[in-house]
Amino acid sequence: LCEWWARYITPVGGTILDMFCGSGTTGVAAIKGGFSFVGFEREPAYVSIATKRLEEAEQQCALLRIETAQTAHRTPSGAHNEEASAQPRLEVTDAA
């Protein structure tokens, strides 16, 4: 559900902001969808959990060469859109 929601409301090449990151579910969906992600969490235990989950999601996508929403985007003429193929960016912030 979170992956669908991320694709539904986030434009191609967009950034998803999660002010209360928790265990990082929204961030994992962002990575799988090819979006940049910025998450904030104040509880150190959850920062550790989210960081681990986000790093694993990035590794899994890289290993499986998952074609993300960004890399799959084509212009109407069929040419590859260089701006949309930028690598997703991950940023985890300890809000404490």
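Select Cys21 to begin: in this predicted model, the residue is buried, with a relative accessible area of 8%. Cys61 should be displayed next; at 10% relative accessibility, it also counts as buried, since the cut-off is under 20%. With both cysteines in view, one may look for sulfur–sulfur links: the structure holds zero disulfides.

Now extend the selection to the nonpolar core. Cys21 and Cys61 belong to the largest such core, a set of twelve residues. The other members to highlight are Ala6, Ile16, Val28, Ala30, Ile31, Phe35, Phe37, Ala50, Leu54 and Ala57. Two helices, α2 (25–33) and α3 (44–64), each contribute at least two residues to this core. Which helix supplies the largest share of the core? That helix is α3, with four residues. As general background, nonpolar side chains in soluble globular proteins tend to be buried together.

Move on to α2. Seven of its nine residues are buried, so this helix is largely enclosed by the rest of the structure. The residues to colour are Thr26, Gly27, Val28, Ala29, Ala30, Ile31 and Gly33. Centre the view on Ala30: beyond its neighbours within four places in sequence, Ala30 is in contact with Ile16, Phe35, Ser36 and Phe37. Following the chain out of the helix leads to Gly34, just after α2, where phi is positive at about 85°.

Return towards the N terminus and select Gly24, in the loop between β1 and α2. Is Gly24 buried or exposed? Its relative accessibility is 0%, and Gly24 therefore counts as buried. Setting aside neighbours within four places in sequence, the contacts of Gly24 are with Ala50, Arg53 and Leu54. A distance label between the C-alpha atoms of Gly24 and Val47 will read 8.4 Å, although the two residues lie 23 residues apart along the chain.

The last stop is Asp18, in strand β1 (residues 15–18). Asp18 is buried yet has no salt bridge. Which side chain of opposite charge is nearest to Asp18? It is that of Arg53, 9.2 Å away. A polar partner is nevertheless available for display: the side chain of Asp18 makes a polar contact with the side chain of Thr26, at 3.4 Å. Thr26 is itself one of the buried residues of α2. To complete the surroundings, show the residues that Asp18 touches, not counting those up to four places away in sequence: Thr26, Phe37, Val38, Gly39 and Phe40. Among them, Phe37 is also a member of the nonpolar core and a contact of Ala30.

Methods:
Residues numbered from 1 in each chain as written. Predicted model: local features only at pLDDT ≥ 70, side-chain atom pairs only at ≥ 80, totals over all residues. Heavy atoms only, no water. Core = buried A, V, L, I, M, F, W, Y, C linked by side-chain atoms within 4.5 Å. Buried < 20%, exposed > 50% of the residue type's maximum accessible area, 1.4 Å probe, protein only. Contact = heavy atoms within 4.5 Å. Lys, Arg positive; Asp, Glu negative; His and termini not counted. Salt bridge = Lys/Arg side-chain N within 4 Å of Asp/Glu carboxyl O. Polar contact = N/O pair within 3.5 Å; in protein donor to acceptor, adjacent residues only side chain to side chain. Disulfide = S-S within 2.5 Å.
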